[in-house]
Amino acid sequence: MKIFYHESYNINIGLLKFIHPFDGMKFGKVAAQVQQESLAEIVCPQSYISDFAINEFLDALLCKLVLHKRPVLEALEAPYLPLIPYSWLQKRVLIPMRWGVAGTLDAAKSALKGNDSWNLAGGYHHASAHSMEGFCIYNDIGISYQQLLASGELTADDKILIIDIDAHHGNGNARTFHDNSNVTLLDVYNADIYPNTPVSRQRVDIAVPLPMGTDGELYLNKLNTALQQLSSGYKLAFVVAGTDVLATDPLGGLKLSIADVAQSHKRVYQRLKVLNIPTVFLGGGGYGKDSAAAIIAGIKAVSDR
Ligand SMILES: [Zn+2]
């Protein structure tokens, strides 16, 4: 397993961390421990994703909106911060996320060459070509898919799988691939929280809606059943491995332990390996104090360490 990380992934929002739950510095903590324990090779994306790739993916309206402070702040669920200049947002949030998108693209290229990979950032599953929301500005899977088609590393006939084990439903991925029957969505999510968008929920091929407060045992049983419905023949799998399923997460509303999260990562990966599907894990959400520890446990679990 190769780990994709760049120091620019880290979102340093300074004192604002006291009013916003996201620990944007967790990527560096995870990378430091991966290095310290020699868990895996760390690979850096060479640059952030280009304006060209972004503009090719976003629709015309969103291309304009992302250049303005107010809509970006609303997508980051912080519209009450009017004194922040756009240049600050660009430097502290948008550019780090563009590094995250590049990491997803590079990790996908790596997986297609036979090296399964884990991008510590990315997994921005609430964004789409038409919408930025839920801390997600750029849909990294959609942008990467488009770039891989353009480079010929994927064809339009290739079957792609997205397994979303973040606590939230991946509405942005569902919208992005709404009309693409070659993309299969498996989504395990807390059905009682954001985003409750019926059209995107209905797009999910294998849906596992869970009630608020679901514990690790039930979660893992349901995940297992869903994984058994998958078949082989996919060219690539993206796994949105958000750790906001943890009981200590302030937003996810589920009750998994760190060991449960590691087990979920392991079961997903084992199933994908049985089916011989190249795999890319992506960061996704994770807003609590144990998020970095759960990511490390997940990396160890899939590496059998
Ligand atoms: Zn989430």
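How are the donor residues of the zinc ion spaced in sequence? In this predicted model, the spacing of the donor residues follows the pattern D-x1-H-x75-D. The protein donors are Asp166 (OD), His168 (ND1) and Asp244 (OD), and they lie 1.9 to 2.1 Å from the zinc ion. Two of these residues can be described further by their accessibility. Asp166 has a relative accessible area of 1% and is therefore buried, the limit for this term being under 20%. His168, with a relative accessible area of 7%, is likewise buried.

The largest nonpolar core comprises 102 residues. Those with the most contacts inside this core are Leu120, Ile137, Tyr138, Ile163, Ile165, Tyr219 and Phe238. Helix α5, spanning residues 86-112, supplies the largest share of the core, namely eleven residues. The surroundings of Ile137 were examined with its neighbours within four places in sequence left aside. On this basis, Ile137 is in contact with Val66, Val72, Ala75, Leu76, Leu94, Met97, Ala127 and Met132.

Seven aromatic pairs are present in the structure. In one of them, the ring centres of Phe135 and Tyr287 are 5.2 Å apart and the ring planes meet at 50°, so this pair is tilted. Phe135 belongs to the loop between β3 (117-119) and α6 (140-151), whereas Tyr287 belongs to the loop between β8 (279-282) and α11 (291-303). The pair thus links distant parts of the chain, 152 residues apart. Phe135 and Tyr287 are both buried. A further pair is formed by Tyr269 and Phe281, whose ring centres are 5.9 Å apart and whose planes are at 55°, so that this pair is also classed as tilted. Tyr269 is located in helix α10 (residues 258-274) and Phe281 in strand β8, so the pair ties together parts that are twelve residues apart in sequence. Both Tyr269 and Phe281 are buried. Elsewhere, ring pairs join Tyr5, Tyr9 and Phe27 into a cluster. An aromatic ring also takes part in a contact with a charge: the charged end of Lys159 sits over the ring of Tyr234, at 4.6 Å from its centre.

Strand β8 pairs with two other strands. With β3 it runs parallel, and three bridges join the two. In this pairing, Ser117 stands opposite Val280 in β8. With strand β7 (residues 236-240), β8 also runs parallel, and four bridges join these strands. Here Ala237 is the residue opposite Thr279 in β8. Within β8, Thr279 and Phe281 point one way, while Val280 and Leu282 point the other way. All four of these β8 residues, on either side, are buried.

Strand β3 contains Trp118. Trp118 counts as buried because its relative accessibility is 2%. The C-alpha atoms of Trp118 and Ala108 are separated by 9.1 Å, the two residues being ten residues apart along the chain. With neighbours within four places in sequence left aside, the contacts of Trp118 include Met1, Lys2, Ile3 and Phe4. Trp118 is further in contact with His265, Phe281, Ile295, Gly298, Ile299 and Val302. Phe281 therefore appears both among the contacts of Trp118 and as the partner of Tyr269 in a tilted ring pair.

Technical notes: Residues numbered from 1 in each chain as written. Predicted model: local features only at pLDDT ≥ 70, side-chain atom pairs only at ≥ 80, totals over all residues. Heavy atoms only, no water. Donors = N, O, S within 2.8 Å, 3.2 Å for Na, K, Ca; no water. Buried < 20%, exposed > 50% of the residue type's maximum accessible area, 1.4 Å probe, protein only. Core = buried A, V, L, I, M, F, W, Y, C linked by side-chain atoms within 4.5 Å. Contact = heavy atoms within 4.5 Å. Phe/Tyr/Trp six-rings, centres within 6.5 Å; stacked < 30°, edge-to-face > 60°. Lys NZ or Arg CZ within 6 Å of the ring centre and 35° of its normal. Pairing = 2+ DSSP bridges.
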